[in-house]
Amino acid sequence: MRGLRHYLWEQAGLNRWSPAMAGKRNWSVVRKYLLLAVAGKNAKKMSLEDMLYVPEMFVGDQKDRIAQRRTEHLARISVSESGKPHFVLVIGELKEIATARFGFKLVIKHLPDYGLMVDEKTKKRIEKVFASELEIWAATEGTHLMVIATASLSAAGIATVQEVSMMLANESWIPFESLADNALLKALATRRYQKCLRYNQTAKHPIATALLTDAERGTALYVVPADVSSGYQSELDTLI
């Protein structure tokens, strides 16, 4: 899930930054380029376009039409051409994890009237696996917590989460992993760079935080955690 999310973010160009982009990225722009990113791409012989739902920007006086389009879109992408049900892929920004009448739900921004249902086991797994992301998101103003999830759709149209992954992004929707990562990206606000994404590498392996693209030579910038092992440092030295 994380690898797919990073792939789509990179294909959409949302890991690239130029000072000219300042103030020009909002959810409508992010959504547009994510939808363009899935065009012509398949997963397990299925078109990603026929699986993906990215909520459109919510507008209060258009909520009924937005809800109708959502219902129609989810109904269409939740079954194959043969009529067999399959999971849908949802990408959105987390607003909160709320208590539902039975169980819990992920409340996604721009989906105020449609929660993604999660059971207690899934909720606990989210809180354990993404404890750091949830903590940073809660404490850091302007941070977006992006969700990518597979969900099954019931006959009544209710979406229940099966698998989920989360990613922090700064005010400009550039992904980051830690507060130190975020601090470096803020310092690069007047530079052009590409944010390096981890895909399926674990945190035990070093990767560059960013690659400067406005330097005469491509320059990789690394943030080294304070508690790294000697093995991490050795691998980093090899990379450099």
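## Strand pairing around β6 and in the four-stranded sheet

In β7, L116 sits opposite L106. That contact belongs to a predicted model, and here is how its strands line up.

L106 is a handy way into β6, since the two strands involved, β6 and β7 (residues 116-118), run antiparallel and share three bridges. β6 itself covers residues 104-108, and four of its five residues are buried, leaving the strand mostly covered.

β6 also pairs with β5 (residues 88-99), again in the antiparallel sense, this time over five bridges. Here T99 faces F104 of β6. Four residues lie between the strands of this β5/β6 hairpin, and one residue to look at there is G103, with a positive phi near 90°.

Now for the open sheet. Four strands make it up, in the order β1-β11-β12-β13, and the pairing is antiparallel. β1 (16-17) and β13 (219-221) are the edge strands: each has a single partner, so one side of each has no neighbour in the sheet. For β13, the link to β12 (residues 210-212) is antiparallel and consists of three bridges. Across that link, L211 stands opposite A220 of β13.

Here are the pairings with their bridges side by side:

| Strand pair | Sense | Bridges |
|---|---|---|
| β5 and β6 | antiparallel | five bridges |
| β6 and β7 | antiparallel | three bridges |
| β12 and β13 | antiparallel | three bridges |

As general background, strands in a sheet are held in pairs by backbone hydrogen bonds, in a parallel or antiparallel arrangement.

How values were computed
Residues are numbered from 1 along each chain as its sequence is written. This is a predicted model: local features need pLDDT of at least 70, side-chain atom pairs count only at pLDDT 80 or more; totals for chains, interfaces and linings use all residues. Side-chain values use heavy atoms; hydrogens and water are left out. Buried means under 20% relative accessible area, exposed over 50%, partly exposed in between (1.4 Å probe, protein chains only). Two strands pair if DSSP finds at least two bridges between them.
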